[in-house]
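Here are my notes on this model, point by point. Please read them with the coordinates open.

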Amino acid sequence: MAAVPRTTDGDGTPVPQRLLAAATRLFAEQGYDRTSVQEIVEAAGVTKGALYHYFGSKDDLLHEVYARVLRVQQERLDAFANADEPIEKRLRGAAADVVVTTIDNLDDASIFFRSMHHLSPEKNKQVRAERRRYHERFRALVEEGQEAGVFSTATPADLVVDYHFGSVHHLSTWYRPDGSMAPQEVADHLADMLLRALRP
């Protein structure tokens, strides 16, 4: 009978987290396609059996690098959307939050967008569906404000959402943690720009 892989290592870190941390670092340093499964398990200090127990493939690891960020962002967006606050406050909070959480996970986001084409068609479809769900929830906030007469309807909600997320996806090309602006400052600027674009 095969041994069941350990769920934690010596210092109590769960094996899946160790594998993800190792994969993220290696993908960032040398690229997804140039990183082998063997390098990942050696860096994580686990066996190949452990990797295949938690993740069916290297493809699954790449998907999870991004999916874990998106899960956090979706939960936070849902919380803003469901809050008992005026629509301007909810949209601004959501718009700023996605900037901060993207910057906080910049390596994960940049690795993913650089390597997304390596995903299997099935995983690619899954990621697109997850992202679409997020964008649709965000768009619903814009539409709610437009229907209430709080936001201008001059620009279609779809275009407003694309405008904001274009800026978010572009963060990995220019934002530096040691630069002149803190994550919250960038978030405030971009959220304010979005609300200005929606002003009646």
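1. Start at the H8/H9 contact. From H8 come Val-160, Tyr-163, His-164, Ser-167, Leu-171 and Trp-174. They meet Val-186, Leu-190, Ala-191, Met-193, Leu-194, Ala-197 and Leu-198 of H9. By class, the residues of this contact are 11 nonpolar, two polar and no charged.

2. Now the geometry of that pair. H8 spans residues 157-174 and H9 spans residues 183-198. Their axes come within 10 Å and cross at roughly 160 degrees. Angles over 145 degrees count as roughly antiparallel, so H8 is roughly antiparallel to H9. The crossing of H8 past H9 is right-handed.

3. A word on confidence. This is a predicted model. Mean pLDDT for the chain is 90, with 94% of residues at 70 or more. Residues 1-6 have pLDDT below 50. Beyond near neighbours in sequence, that stretch makes eight contacts in the model. I would ask that the text state this low value for residues 1-6.

4. Overall architecture. The chain holds nine helices and zero strands. Along the sequence the pattern reads α-α-α-α-α-α-α-α-α. Taken along the principal axes, the C-alpha atoms fill a box of roughly 65 × 40 × 30 Å.

5. A second helix pair deserves a look: H1 (residues 15-30) and H6 (residues 106-115). How are these two helices packed? The angle is about 60 degrees, and the axes are 10 Å apart. That value makes H1 oblique to H6. H1 passes H6 in a left-handed crossing.

6. Side chains and backbone at H1/H6. On H1 the contact uses Thr-24, Phe-27 and Ala-28. On H6 it uses Asp-107, Asp-108, Ile-111 and Arg-114. The residues of this contact split into three nonpolar, one polar and three charged. For H8 with H9, the count of charged residues was none.

7. Record annotations. An unreviewed UniProt entry gives "domain: HTH tetR-type" for residues 13-73. In the model, residues 13-73 are 77% helix and 0% strand. The end C-alpha atoms of that range lie 23 Å apart.

8. The UniProt record, again unreviewed, also lists residues 36-55 as "DNA-binding region". Residues 36-55 are 75% helix and 0% strand in the model. Here the end C-alpha atoms are 14 Å apart. Any text on this range should say that the label comes from the UniProt entry, which is unreviewed.

Notes:
Residues numbered from 1 in each chain as written. Predicted model: local features only at pLDDT ≥ 70, side-chain atom pairs only at ≥ 80, totals over all residues. Heavy atoms only, no water. Axes fitted to C-alpha atoms, helices over the stretch in contact; angles between N-to-C directions. Helix = DSSP H or I, 4+ residues; strand = E, 2+ residues; numbered from the N terminus. Parallel < 35°, antiparallel > 145°, perpendicular 65-115°, else oblique. Left-handed = near helix turned anticlockwise from the far one by under 90°. Contact = heavy atoms within 4.5 Å. Nonpolar A, V, L, I, M, F, W, Y, C, P; charged D, E, K, R; others polar. UniProt positions renumbered as here; feature names shortened; annotations may be inferred. pLDDT = per-residue confidence, 0-100.
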